[in-house]
Amino acid sequence: MITFKNRFMKIVKNLALVFFVATAFTACSSDDPEVVNEEELITTLTATLKPSGGGTDIILKSVDLDGDGPDAPVISVSANLSANTNYSGVLKVENETESPAEDITLEVLEEDEEHQFFFTPTNNIATVTYDDMDGDGNPIGVQFSLATTTAATGNLTITLRHEPIKTASGVSNGDITNAGGETDVQAVFPITVQ
Amino acid sequence: MIKKIFFSVLFCFFSFTNFAQECNTILKGIVIDYHDGTPIYGATVYIKSLNKYATTNFEGKFKIEQLCKGEINLTISHISCETKNAKISLEKETFKEFFLEHHIESLKEVSIVAAANIKSKTIQSTVLKGKAVEAFSNQNLGDALKDIAGISSINTGNAIVKPVINGLHSSRIIVMANGVRLQDQEWGIEHAPNLDINTAEKITVIKGANSLEFGGDAIGGVIVTEPSNIRLKDSLYGKSIVSSQSNGRGYSFHSSLSKSTKKGWYVNAKTTLKKMGDFESPEYVLTNTGLNSKAYSLQTGLKKFESGFNVYYTFINNEIGILRASHLGNIEDLVNAINAPQPLITNDFSYDINSPKQDITHQLAKVDYYKRFKKLGKLKVQYDFQNNHRFEFDIRVGNDRNKASLDLNLSSHAITSSFEFDAKTAEKYKVGFMGAYQNNFANPNTGIKRLIPDYDKYDVGFFTIGNFILNDETTLDVGFRYDFNAINAKKFYSKSRWEERNYDLDFNDLIIADFNTQWLVNPKFQFHNFSASAGISYQLNDENSVLFNYGLSNRAPNPSELFSDGLHHSAARIELGDLRLQQETSNRISANYRFKSENTSILVEVFLNHIRNFMYIEPTGTEQTIRGAFPVWAYKKTNANLFGVDFSLIQQIGSQFILKNTSSFIRGKDVKNNRNLIDIPSAKTVNSVGYYLEKWHDFSAVIESEFVFRQSLFPNNNFETYIPTSNTNVLVDISTTPNNYHLLNFNSDATFKLSEKTNLTVGFTVTNILNINYRENLNRLRFFADDLGRNYTLQLKLKY
C-alpha cells in the first residue's frame with residue numbers, strides 16, 4: 001500500500017511538473033496582440049454636386065469613424081439645393097481611419113461590374129440619372145446627374161450595393177427594388193430644394 | 001460464448017509438452033479474484049495436453065495429481081471471469097496463486113476509453129451503437145443523435161449541425177472523443193463539433209450534468225463517443241462504407257482497418273472522405289451549400305488486463321459552404337431576404353464552394369496509460385493536445401477577395417488522471433484530477449477586427465465519485481467536483497464601444513494601451529465552480545424500475561459571451577458580449593420510469609432545470625452605421641426554468657414487426673421577466689413501423705413519420721425599422737416561428753454473407769418522401785430558404 005502510494009504520488013508529481021513546464025513555455029510567448037489594420041472599412045461617403053450654371057459645390061457627406069461601432073454616422077449637407085437646376089455629381093467612398101485617407105472608390109471602379117450606387121429620392125425632390133458605365137454597359141453611379149424641379153423637402157438615400165443583379169428589371173434605371181446583393185454603404189441625406 | 005472463448009484460447013495456446021518419465025508430481029493452487037482478493041469458487045483448471053481437470057473448492061483451492069515433471073500449460077477459467085493461461089515449470093510439488101479478473105463485461109469496455117462511469121445506472125443516458133451509428137456515415141454527429149428522445153439540433157444549413165440536449169447546446173454540452181474533451185470553439189452557434197462520426201462505434205448521450213468525471217459545466221449534458229473495442233486475439237479486420245445520395249449529389253467513403261494480437265497489441269487506421277455539392281429544397285437549389293470533408297485517424301496501443309496504453313491521433317478538415325443568400329449587408333437586406341419567397345440568389349447546381357464558407361481543421365493527439373493494482377483499483381493518466389484552426393470567409397472585394405475574415409487558432413493541452421477504487425463491488429470510488437491550458441490566437445492579417453480576442457485560459461479540476469450498491473434493487477451514486485477557471489485576454493475595444501457599454505465606469509483599470517481610436521484591454525477573470533450530483537436507481541420488480549437524480553453545476557462564461565464585439569454577416573447583426581457576466585448555476589432534477597417486458601419497452605424521462613444567471617443572446621435594439629442600420633444582439637443574463645418530458649416506446653408485435661415512438665416536449669421560461677426563452681426546440685413525435693425478417697439476410701424495412709409541432713412559445717423580438725429606399729417603416733419579423741411539418745422517411749437494408757468473414761450490407765434510405773416544403777425553427781437559415789427536399793441514399797457496407 002505504501003509503495004503504491006509513493007508510486008502514485010511520484011507519477012502525479014512528474015506529470016504536474018511536465019504540465020506546468022509546458023504551460024510556462026507557451027504562456028511566456030504571448031506578447032501584446034497587433035492592432036488590426038481594417039482593410040475594407042468604409043467610413044466616409046461624399047457626394048459633390050456641381051451646379052451646371054456655375055456656383056458653389058454642394059457637399060453631401062456621411063462620416064462614421066467608428067465603423068461598426070455604436071456611434072451613428074454624422075450626416076451633413078453643405079447647402080440647400082436650388083429649384084429647376086441640373087447638378088453633375090461625383091461620389092467618393094473613403095476610409096478615413098487611415099492617414100492619408102484610403103480612396104475606396106478606386107476599388108469600386110476596378111470591380112465596377114460588381115458594384116452599383118442607387119439614388120432614392122423621396123417627395124420628388126430630384127431625379128437622378130447615371131453618367132457612367134461598366135464593361136457590360138450597365139451603370140455604376142460614381143458619376144451622375146441630379147435635376148431638381150419645384151421646391152420641396154425630402155430625403156435622398158444613396159446606397160452602394162455589392163454584387164447587385166444589374167440585369168434585373170429596373171436596376172439599370174436606378175430602381176433598387178430588384179437589385180439584391182449586399183449593402184456596403186447607405187446614407188440618408190435630408191434635402192431642401194428651394 | 002465463454003465456451004467459445006475458452007476453446008479458441010486453448011487452441012491458440014496449444015503447445016507440445018515434454019513428457020517426462022516421472023509422473024507423480026502434484027500441483028496445488030488457489031484462484032483469487034484480482035480486485036478484492038477473495039477466493040473464487042468453481043473455477044476450472046484445465047491441462048489440455050493431458051485432458052486433466054480440477055475445480056476450485058469454496059476456499060478457491062484446487063489440486064491436480066499425477067503430473068509429469070516439466071512444463072505444463074494451464075487454462076484457468078470461470079463463468080464470469082476472463083480466461084487466463086499460465087505456463088508452469090513443474091519440478092516438485094508446487095503451490096501457485098492465480099488471479100482472475102472477475103468482471104468480464106467491464107473488461108470488454110476497459111481502457112481504450114475513459115468511459116467507465118457512464119455505465120452508472122443513475123443517470124439519464126442513451127446509447128447508440130453499431131448499425132445505428134453507421135447509418136449516419138455520410139452525415140454528422142448531430143444528425144445521428146436526433147433519433148433520441150429529447151435530443152434535437154441547431155443548424156446552420158445542413159452541414160453545420162450542433163446537438164441540443166434538452167434545449168441546451170454549445171458550451172453547455174461536453175463532447176468526448178475517445179476519452180478527450182473536444183476543445184473546438186464550441187461556443188459559436190455555427191461551430192459544429194469537429195468529429196468524424198465514423199470514428200465512433202458507440203455514442204452515449206447523457207442528459208444533465210451528472211457525469212462529473214467529464215467536467216462540471218455540462219449543464220445540458222455529455223456526448224461520449226468511443227471507438228470500437230479491440231479484439232483480444234490475432235486478427236486483421238475492417239470495414240468500408242460507401243454512401244451516395246441524390247440531394248447534394250454527394251458521396252462519402254469510409255474505411256477502417258484494425259490489426260490486433262492475442263497479447264493485446266493493436267493498431268487501427270481510419271479514413272473518411274465526403275464530398276457534397278449544393279443541396280436542394282423541393283423547389284430550388286440552395287446555392288453554395290456544398291461540403292468537402294477529409295478525416296483520418298490512427299491509434300495504437302497495448303491492452304492487457306493489468307496495464308495498457310493508447311496513442312491516438314485524428315485529423316479532420318471540413319470545408320463547408322454557407323448559403324449564398326444568407327450573406328447580408330444591413331437591415332434592409334435582412335428585411336428583403338425574410339420577405340422574399342425564395343432565396344435572392346439561386347444558381348444552377350454546382351460542387352463549387354465559394355464565400356461565405358468555413359474551413360476548419362481540427363487535430364487531436366493523445367496518449368493514455370492505465371495500470372491496475374491488485375485488490376485496490378485502476379489508475380489512469382492521459383495527456384491530450386488539440387489544435388483547432390478555423391477560417392471563415394466572407395464575401396469581400398478587391399485584393400481581400402480570397403482572404404479569410406476570421407482566422408482563429410485554438411490550442412489546448414490537458415492532463416487528466418483518475419484512480420478508481422473498485423476492490424469492493426458494492427462500494428466503488430473514483431477520484432480524479434484535470435489540468436488544462438488553452439491559447440487562442442486571432443490572426444490580425446484578416447484585415448477585419450477580431451470577433452474573439454487572443455487569450456490564455458487555465459483550468460484545474462478535482463472530482464470524486466462514489467458508487468454504492470445498497471442492495472439488489474438499489475444503486476446510489478454521489479459525486480463532487482471543483483473547477484477553477486482563469487482567463488487572461490488581450491482585446492481591442494473601440495473607444496466608442498467601451499463608453500457605450502459603460503465599461504469606462506467599471507473597467508478602466510484593465511486598459512493597458514491607447515491605440516488612437518481603440519483601447520487595448522487586458523481582462524483577467526477567475527471563476528470558482530462547484531458541482532455536485534446524486535442519483536438513485538431502484539428496481540421495483542422484474543419489469544419496472546425508476547431513477548431519480550439531482551445535479552448542481554456551474555459554467556463560467558465562454559469567450560464569446562464575454563468578448564464578442566462585432567458584425568456578424570451571416571445574421572446581419574452586431575453581436576456584443578458582456579464583461580460583467582458571471583457564471584451560471586444550474587440545479588436540475590430528473591426522474592425516469594422504465595418498463596421492460598419481453599415485447600414492450602417504455603421509457604419516460606422528466607426533468608426540471610433551473611438556471612440562475614442563464615446567459616443568452618437576444619436583440620436589444622438597432623445601431624446606425626455607414627452601411628445602414630443593424631440589429632444589435634447582446635448577451636444578457638436572466639433566471640431560466642426548463643422543463644421537459646421525453647418518451648420512448650418500443651413494441652414488438654409478433655416476431656416480425658416493431659412499432660416505435662419517440663416524443664419530446666420542452667418548455668423554456670425566463671422567470672425573471674416572465675417571457676418565453678428563445679431557441680427552445682419544438683415538440684416532436686416520431687413514429688415508425690419496422691418489418692424484420694432475420695431469416696432472409698437480416699432484412700429490415702422501416703417507415704417513419706416525423707411530426708414537428710410549431711413552436712408557439714417564443715419571445716417576441718420583432719422591431720420596426722425605417723427602410724430609406726422605400727421610405728417606409730417595416731416590421732422586421734425575426735421571431736415568428738415556422739409552421740408544423742410532417743416528414744415521411746423510409747429505410748431498408750439487408751446483409752449478405754460473401755465469405756466466412758465478409759459481410760455486405762446494402763442499405764437504401766429515402767428522407768422527405770413527399771418532397772414537402774418546410775422550415776425548421778432551429779435552422780438559422782430558415783429566414784432565407786426552405787429546408788431539404790427529398791433525398792435518396794444508397795449505402796454499401798462491407799465488413800471483413
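Two strands count as paired if DSSP finds at least two bridges between them. With that in hand, we can begin in chain B of this predicted model, where strand β11 (residues 173-177) and strand β14 (residues 221-226) pair in the parallel sense over five bridges.

## A five-stranded sheet in chain B

One matching position in this pair is easy to find: Ile173(B) stands opposite Gly221(B) in β14(B). Both strands belong to an open sheet of five strands in chain B, which runs in the order β8-β13-β14-β11-β12 and has mixed pairing. At its edges are β8 (124-129) and β12 (180-181) of chain B, each of which pairs on one side only.

## The nonpolar cores

Next, have a look at the nonpolar cores. The largest of them holds 80 residues, and the members that touch the most others are Ala144(B), Val175(B), Met176(B), Val205(B), Val222(B) and Ile223(B). Its largest share, six residues, is supplied by strand β36 (residues 628-653) of chain B.

Ala144(B) is a good residue to pick out on screen. Its neighbours within four places in sequence aside, Ala144(B) is in contact with Leu128(B), Val133(B), Phe136(B), Gln139(B), Ile197(B) and Ile203(B). Apart from this core lies another one, of 35 residues, including Ile125(A), Leu156(A), Val188(A) and Ile191(A).

## Chain A and its three-stranded sheet

Now let us turn to chain A. Chain A has two helices and 10 strands, and along the sequence they follow the pattern α-β-β-β-β-β-α-β-β-β-β-β. Of the 194 residues in chain A, 32% are buried. Among contacts in this chain between residues at least 6 apart in sequence, 60% join residues at least 24 apart.

Which three strands of chain A form an open sheet with antiparallel pairing? They are β6, β9 and β10, in the order β6-β9-β10. The edge strands are β6 (115-121) and β10 (182-193) of chain A, each pairing on one side only. From one strand to the next, the twist averages 15°.

Within this sheet, strand β9 (residues 152-162) of chain A pairs with β10(A) in the antiparallel sense over 11 bridges. To see one place where they face each other, find His162(A), which stands opposite Glu182(A) in β10(A).

## Where the parts meet

The two chains also touch. Their contact takes 53 residues from chain B and 54 residues from chain A. Sorted by class, the chain B side of this contact has 21 nonpolar, 19 polar and 13 charged residues.

Chain B itself is divided into domain 1 (2-102) and domain 2 (226-799). Taken over C-alpha atoms, the centres of these two domains of chain B are separated by 51 Å. How many residues does each domain of chain B give to the contact between them? Domain 1 of chain B gives nine residues and domain 2 of chain B gives eight residues. On the domain 1 side of chain B, the classes are three nonpolar, three polar and three charged residues.

## Backbone details worth a look

Most residues other than glycine have a negative phi, and most peptide bonds are trans. The places below depart from that pattern.

| Place | Backbone feature | Value |
|---|---|---|
| Ser99(A) to Pro100(A) | cis peptide bond | omega about 0° |
| Ser355(B) to Pro356(B) | cis peptide bond | omega near -5° |
| Asn123(A) | positive phi | phi near 60° |
| Asn771(B) | positive phi | phi near 55° |

Each of these features can be placed in a loop. Pro100(A) sits in the loop between β4 (86-95) and β5 (102-103) of chain A. Pro356(B) is in the loop between α5 (331-339) and β22 (357-373) of chain B. Asn123(A) belongs to the loop between β6 and β7 (127-130) of chain A, and Asn771(B) to the loop between β44 (758-767) and β45 (791-799) of chain B.

What are the surroundings of the two asparagines like? Asn123(A) has 13 other C-beta atoms within 10 Å and is therefore partly exposed. Asn771(B) is partly exposed because 14 other C-beta atoms lie within 10 Å. The reasoning rests on a cut-off: a residue is buried with 20 or more such atoms, exposed with 12 or fewer, and partly exposed in between.

How values were computed. Residues numbered from 1 in each chain as written. Chains lettered and ligands numbered in written order. Predicted model: local features only at pLDDT ≥ 70, side-chain atom pairs only at ≥ 80, totals over all residues. Core = buried A, V, L, I, M, F, W, Y, C linked by C-beta atoms within 7 Å. Helix = DSSP H or I, 4+ residues; strand = E, 2+ residues; numbered from the N terminus. Contact = placed C-beta atoms within 7 Å. Nonpolar A, V, L, I, M, F, W, Y, C, P; charged D, E, K, R; others polar. Axes fitted to C-alpha atoms, helices over the stretch in contact; angles between N-to-C directions. Domains from an automatic or database assignment.
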